[in-house]
Amino acid sequence: MKEINLKYINNIRDLGGYKTNDGKTVKNNRLIRSSVLWKLEDEDISTLVDTLHVDKVIDLRNLDERESSPDIEIPGVENIHLPIFPQNENDALSRIDDELKGLSFTRKLEHFYDTIEGFNVFSLMNMNYIMFISDEHCLKQFRVLIDYLLKEDNVHAILYHCAGGKDRAGVASFLILALLGVDEETLKYDYMVTDKYVRREFDGAAERARAYSDRPHLVEILDGTINVHEEYIDGMINYMKEKEGDILLYIKKYFSITDEEISILRDKYLD
């Protein structure tokens, strides 16, 4: 894993450098995970295009997120919208009464705390992680991401991102690295290292919440949604193993990945 320094993009890194079970190494400047590209300086664009050779940005956010915080358009770089969450009915945050749809993300969660006995944000996030690897729409969209990787040339990099670069981008990285033959410990490490990038955001938000708000669940909601938690990734791994006994076997079956495609990915992205 190689850090990338951009002025306003906090959670961005190259998957290059990770070792695989058979002793190979993920290539540098080919697979980049990121938070939203909401603001880029000319120097940042130069880093992405001239140094990292990015030619595609794949935005995993839903349309409302994309419209409210659009990516900076980079000349010569294709921007692809590939929303991972089901657009309307199936994700946990969409299954709400009509009168709640105008509320902010955090206010919706607070409503759940007040109206659903035993509700907590951590259970919701665990449900979403299982949804990422079991819902028909999510499976299809992640499969499309893999198709872009399969079709990419051997020179350029693909950058994929969600909002914070934590959940959807984290699961995407997990799937990609597993297909490349990276071991489970490293898969979890790559997910958990995001804590380094989001912890400061949480600390600031939590400090403000404690100082200026008496909303009883707010800090817990911020913790559950901003920070990474090992239980999220462990729950997803355990689900895969319970279904198929092995992470790679699960991915092959449910994301419809063939051995030939795995071989192509490894030839393309490993040294």
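What covers the buried residues of α9? Among the elements that do so are α3 (105-115), α4 (121-132), α8 (195-212) and α10, and Figure 3 comes back to this. A quick note before the views: this is a predicted model, where local features need pLDDT of at least 70, side-chain atom pairs count only at pLDDT 80 or more, and totals for chains, interfaces and linings use all residues. Residues are numbered from 1 along each chain as its sequence is written, and side-chain values use heavy atoms, with hydrogens and water left out.

**Figure 1. The open sheet and its edges.** Six strands line up in the order β1-β2-β3-β6-β4-β5, and their pairing is mixed. Strands here are DSSP E runs of at least two residues, helices are H or I runs of at least four, and both are numbered from the N terminus. Two strands count as paired if DSSP finds at least two bridges between them. Strands of a sheet pair through backbone hydrogen bonds, either parallel or antiparallel. The edge places go to β1 (2-3) and β5; each has a single partner strand, so one side of each is left without a neighbour in the sheet. At the β1 end, two bridges hook β1 up to β2 (residues 12-14) in an antiparallel way, and K2 has D14 as its bridge partner in β2.

**Figure 2. The β4-α2-β5 unit.** Now for the β5 end of the sheet. Strands β4 (residues 54-59) and β5 (residues 78-81) run parallel and are joined by four bridges; K56 is partnered by E78 in β5. Together with helix α2 (residues 63-68), β4 and β5 make a right-handed β-α-β unit. Right-handed means that, with the strands pointing away from the viewer, the path from the first strand over the helix to the second runs clockwise. Look for P75 in the loop between α2 and β5. P75 is exposed, with a relative accessible area of 68% (buried is under 20%, exposed over 50%, partly exposed in between, using a 1.4 Å probe and protein chains only). From P75 to V182 is 34 Å, C-alpha to C-alpha, with their positions 107 residues apart in sequence.

**Figure 3. Helix α9 and the histidine that follows.** Seven of the nine residues of α9 are buried, so this helix is mostly covered. The buried ones are L218, I221, L222, D223, G224, T225 and I226. Just past the helix, H229 sits in the loop between α9 (218-226) and α10 (230-244). H229 counts as buried because its relative accessibility is 17%. Its side chain makes a polar contact with the side chain of D223 at 3.0 Å. A polar contact is a pair of N or O atoms within 3.5 Å; within protein, one must be able to donate a hydrogen and the other to accept it, and residues adjacent in sequence count only if both atoms are side-chain atoms. Setting aside neighbours within four places in sequence, H229 is in contact (heavy atoms within 4.5 Å) with F122, Y191, M192, D223 and G224.

**Figure 4. The largest nonpolar core, seen around F132.** This core has 61 residues, and V26, F132, F142, Y160, F174, I251 and F255 touch the most other members. A nonpolar core is a set of buried Ala, Val, Leu, Ile, Met, Phe, Trp, Tyr and Cys residues joined through side-chain atoms within 4.5 Å. Helix α6 (residues 168-179) gives the largest share, nine residues. A second, separate core has 16 residues, including I4, I12, I74 and V77. Back at F132, and leaving out neighbours within four places in sequence, the contacts are I84, F85, C138, L139, F142, D167, R168, V171 and F255.

**Figure 5. Two cysteines without a bond.** Searching the whole structure turns up zero disulfides (a disulfide being a pair of cysteine sulfur atoms within 2.5 Å). For C138, the nearest cysteine sulfur is that of C162, 13 Å away, which is too far for a bond. C138 is buried at 0% relative accessible area, and C162 is buried at 2%.

**Figure 6. Two residues with positive phi.** Most residues other than glycine have a negative phi. H53, in the loop between α1 (42-51) and β4, has a positive phi of about 60°. H53 is partly exposed, at 32% relative accessibility. S256, in the loop between α11 (247-254) and α12 (259-269), has a phi near 55°. S256 is also partly exposed, with a relative accessible area of 48%.
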